[in-house]
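This briefing is meant for a reader who is meeting the structure for the first time. It takes a few topics in turn, moving from one chain to the other.

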Amino acid sequence: MTGDTTIPSSAHSLFTRRRLLNGLAMAGGLGIASPLLSACVPGGSSGGDQKLGPSPSASAASGTVTLWMRDDDLFKVFKTVIPAFNRKYPNVKVNMVGVDVDTKLPATLISGTGVPDGSFYEDNNIGAQAGHLYDLTDLMAPHKSDTLQFKLDVATYDNKLVAVPWDTDPGMLYYRKSVLSDAGIDPKTLTTYDALLNAARKIKQKNPKARPILLEQDANLGMLWLMMLINQQQGSGLVDEKGGLTIDTPAFRKALTWIKTVADEQLGARSKFASTGQIAQCDSGIVSLVPWAIWFSFITQSGVKTSKGDWRVTLLPAWSAGGARSGVMGGSSFVIPQKAKNPELAWLFYEFAIYAREGYTKVYGPNNTYPNGLNTSLPSVKAALQGAPLFKPVAALGNQDLWSVDTAAAQAIPAGYRIPSWFNSAASYLGVNMQKMIDGKASVDEVISTSVDQINKNLVKRQR
Amino acid sequence: MNPTSVAEQAVGRTAVARPAKSHQSRRGWVGYALIAPFFVLFAAFGAYPLFFALQLSFTDWRGSGTLHWIGFSNYTYLLTSSEFWASLGNSGVMWLLIVPVQTIGAVAVAAMLSRSNLRFTKSLRTVMILPYVTPLAAMAQAFILLFDTNFGVTNYLLNLVGVGPIGWLTTTLWSKPTIALFALWKSSGFALIIMLAAVQQIPEEVYEAAAIDGANRLRTFFSITVPLVERSVAFFLVVSTLGISQLFLEPYVLTKGGPYTSSTTSGLYLYNHIGASDLGTGAANSFLLVILVLILSLVSVKLLRPED
């Protein structure tokens with residue numbers, strides 16, 4: 001035997017190993033190359049026009065439906081709807097799961113793995129995932145006239161209704177009754193934003209340490225608050241119906257000028273929502289005027305301590321005489337992913353929970369989680385808003401008729417509010433620039449021009 | 001000995017030592033079968049995501065629909081974006097605030113705990129490592145309460161001596177140092193573990209020789225301890241540079257990157273793209289960071305490579 005004949009023999013294992021490694025490399029390469037070649041993404045939705053078909057009848061509907069809910073009190077509340085739903089649809093098993101929806105849903109939609117049949121989702125987030133969601137336009141047709149218009153606008157992308165509108169979060173004016181009384185202010189006179197400024201000045205004259213109007217310190221939440229002030233004036237928010245930026249408009253100029261006046265005259269106290277600092281500001285009387293979404297009601301009921309029972313709520317002031325007395329700040333809906341296994345069943349549940357009186361009464365009426373009913377948001381269904389009160393007055397807000405005030409605000413929200421898919425990212429520009437303005441580091445004009453430039457460059461022009 | 005005879009000898013040894021060919025082949029395949037799970041898992045969860053992310057960085061994919069090739073647009077966008085460079089700048093400042101103090105401090109404390117006659121050294125060691133194993137979110141809440149502008153204990157104490165109030169987490173001047181302090185508190189335990197291991201490997205004889213030569217403690221520290229832990233310091237610098245480039249949770253929990261964007265680190269900036277479903281830009285951002293960290297790590301290793 002010569003060296004030549006022995007080399008293959010001694011290298012036998014090496015040859016095999018190399019072959020194996022080559023095989024693995026080839027397999028890996030194919031794995032990488034296949035999506036490149038197909039230019040498709042594994043698990044990704046088509047992004048095309050997928051309409052959800054007609055839903056089955058109550059007797060024909062059967063199977064298990066998996067629904068994701070935000071893992072908090074809402075999860076507990078929505079679980080109470082299931083027995084009532086099952087009385088109408090006895091063959092449908094509802095598997096409701098409490099999930100950190102904001103974090104998990106986008107990843108699930110993108111990967112296409114473990115996709116639920118339906119999910120709760122914040123309105124602000126829907127646009128970025130619209131390509132993964134069913135077009136519900138046809139299914140929603142019978143309910144459109146019974147739904148607040150702005151909620152339909154919010155859930156519409158490329159003329160497709162991609163979510164079932166759920167809750168409405170109107171802007172309200174929360175105030176400390178005793179502080180206003182001591183300053184000789186009648187809350188009924190707070191009908192314009194100028195009147196609100198004058199009230200704040202009066203309170204400050206009485207108590208120089210006071211900074212009566214609450215100003216949000218977080219750039220994201222601050223921008224959401226600004227949107228409430230904008231929507232109240234012009235219906236739209238950051239963009240109009242055609243997607244054009246609306247920042248350089250009189251509505252923005254007016255709202256920003258008002259905020260700057262509050263800041264410059266030291267009439268505003270800044271803090272982050274629900275922070276220890278904010279609770280202390282409210283309890284100490286530093287803050288006594290809070291134009292904010294209906295969910296500030298949570299702070300008056302469960303946040304504040306020494307001022308509990310001294311808070312009241314009324315409609316937002318108007319920007320001009322006879323103008324709208326509310327705007328939108330937040331809200332959420334239910335979405336049905338295109339990759340859902342039982343989308344029809346998800347629709348049936350949402351239709352029942354949102355549009356059937358029995359459904360929305362279970363959610364908003366008194367229950368174990370909310371003994372007086374859920375009063376930090378409202379239904380978006382006109383029949384519910386115009387019907388008998390769903391939640392009761394609460395002692396923390398002086399047992400006033402919350403239902404009447406809140407529902408009047410909800411129905412005053414102007415139509416036309418649109419949320420672009422890049423909305424959340426805009427906070428890095430408009431939200432941040434507004435905070436700079438409050439700090440005295442930018443003028444109103446600078447906020448507008450800089451925000452327009454930044455949003456155009458970094459967001460609008462980078463959309464496909 | 002010529003090559004042929006070497007080969008023949010090898011053949012001879014192989015012929016004697018090796019079992020039958022089929023048996024050996026079977027054993028080889030058993031080996032490959034045993035290591036196959038690693039390769040499969042690595043291909044699925046390591047190689048594939050890496051290459052997919054690289055592919056994404058050349059597209060404008062937002063999570064749905066088909067991939068559109070856009071060349072180097074994401075890279076040029078980032079490289080010409082003031083925000084990208086600002087986030088790198090913020091990370092750079094964080095590095096300067098955290099790593100030198102942490103490295104020098106860890107070596108000094110490790111030397112102290114290993115070599116001093118301090119009592120309760122084991123308890124001290126545990127106390128110093130404790131923050132590293134405590135959940136970050138819980139510690140962040142405590143930190144937020146400590147450093148609240150209006151109601152924090154820190155400002156309360158400073159107020160007693162006529163200083164403040166200081167907006168620790170709400171002003172552009174103080175947000176980064178406060179986050180750095182939190183990161184130092186949280187991660188110094190890890191630095192200490194590494195340096196303790198390094199210091200404890202230094203032979204006792206070296207210290208005895210230094211003592212015979214009359215070196216005091218300070219001299220011993222700088223002339224013996226520091227030079228002999230250089231390899232560990234180099235390792236720690238690389239690891240902490242990697243960590244700082246990915247620093248995300250601390251600014252996210254404490255300031256969300258604010259006020260304005262003054263504490264938006266490169267990790268948080270990247271996350272913002274991913275969070276906005278701008279996956280292409282996010283992927284490009286991550287590869288730019290990889291290149292940068294690779295360069296910085298190589299420089300660190302080169303500069304700190306001990307002379308034999």
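In this predicted model, the buried residues of helix α18 (residues 402–412) of chain A are covered by several elements of chain A, including β6, β7 (171–176), β11 (311–315), β13 and α17 (382–385). The residues of α18(A) that count as buried are A:Leu402, A:Trp403, A:Val405, A:Asp406, A:Thr407, A:Ala409 and A:Ala410. Two of the covering elements, β6 and β13 of chain A, also belong to an open sheet of six strands, which is taken up below. For the model as a whole, the scores are ipTM 0.78 and pTM 0.85.

**The six-stranded sheet of chain A**

- The order of the strands in this open sheet of chain A is β2-β1-β3-β12-β6-β13, and their pairing is mixed.
- At the edges of the sheet lie β2 (92–99) and β13 (378–379) of chain A, each of which has a pairing partner on one side only.
- Within the sheet, strand β6 (residues 164–168) and strand β12 (residues 332–335) of chain A run antiparallel and are joined by three bridges.
- As an example of how these two strands meet, A:Asp167 has A:Ser332 in β12(A) as its bridge partner.
- As a general point, the strands of a sheet pair through backbone hydrogen bonds, and they do so in either a parallel or an antiparallel sense.

**A parallel pair with both faces covered**

- Strand β8 (residues 213–216) of chain A pairs with strand β9 (residues 268–271) of chain A in the parallel sense, and four bridges link the two.
- One of the residues concerned is A:Leu214, whose bridge partner in β9(A) is A:Ala269.
- Strand β8 of chain A is covered on both faces, with A:Ile213 and A:Leu215 buried on one side and A:Leu214 and A:Glu216 buried on the other.

**A:Glu446 and its surroundings**

- A:Glu446 lies in helix α20 (residues 444–458) of chain A.
- A:Glu446 counts as partly exposed because its relative accessible area is 41%, a value that falls between the limits of 20% for buried and 50% for exposed.
- The side chain of A:Glu446 comes to 2.8 Å from the backbone nitrogen of A:Ser443.
- When neighbours within four places in sequence are set aside, A:Glu446 is in contact with A:Lys441 and A:Ser451.
- Between A:Glu446 and A:Gly114, which are 332 residues apart along the chain, the distance from C-alpha to C-alpha is 46 Å.

**Chain B as a whole**

- Chain B contains 14 helices and zero strands.
- The radius of gyration of chain B is 27 Å, whereas the globule rule gives 19 Å for 308 residues, so chain B is more spread out than a compact globule.
- Measured out along its principal axes, the C-alpha trace of chain B spans about 90 × 75 × 30 Å.
- Of the 308 residues of chain B, 40% count as buried, and the accessible surface of the chain comes to about 17100 Å², 70% of which belongs to carbon and sulfur atoms.
- Among the contacts in chain B with a separation of 6 or more, 65% are between residues 24 or more positions apart.

**Helix α13 and B:Thr154 in chain B**

- In helix α13 (residues 266–275) of chain B, the buried residues are B:Ser266, B:Gly267, B:Leu268, B:Tyr269, B:Leu270 and B:His273.
- These buried residues of α13(B) pack against α3 (73–79), α4 (82–115), α11 (230–245), α12 (249–254) and α14 (279–304) of chain B.
- After α13(B) comes B:Ser277, which has a positive phi, near 60°.
- B:Thr154, found in helix α7 (residues 153–160) of chain B, counts as buried because its relative accessibility is 18%, with the limit for buried set at under 20%.
- Residues up to four places away in sequence not being counted, B:Thr154 touches B:Leu146, B:Phe147 and B:Trp168.

**Confidence in chain B**

- The average pLDDT of chain B is 87, and 91% of the residues score at least 70.
- Among the elements of chain B, the lowest mean pLDDT (46) belongs to helix α1 (residues 3–17) and the highest (96) to α3(B).
- Over residues 1–8 of chain B the pLDDT stays under 50, and the model has three contacts beyond four places in sequence for this stretch.
- Residues 10–16 of chain B also have a pLDDT that stays under 50, with three contacts beyond four places in sequence.

Notes: Residues numbered from 1 in each chain as written. Chains lettered and ligands numbered in written order. Predicted model: local features only at pLDDT ≥ 70, side-chain atom pairs only at ≥ 80, totals over all residues. Heavy atoms only, no water. Buried < 20%, exposed > 50% of the residue type's maximum accessible area, 1.4 Å probe, protein only. Contact = heavy atoms within 4.5 Å. Polar contact = N/O pair within 3.5 Å; in protein donor to acceptor, adjacent residues only side chain to side chain. Pairing = 2+ DSSP bridges. Rg over C-alpha atoms; globule rule 2.2 N^0.38 Å. Areas by Shrake-Rupley, 256 points an atom, 1.4 Å probe, with all protein chains shown as cover. pLDDT = per-residue confidence, 0-100.
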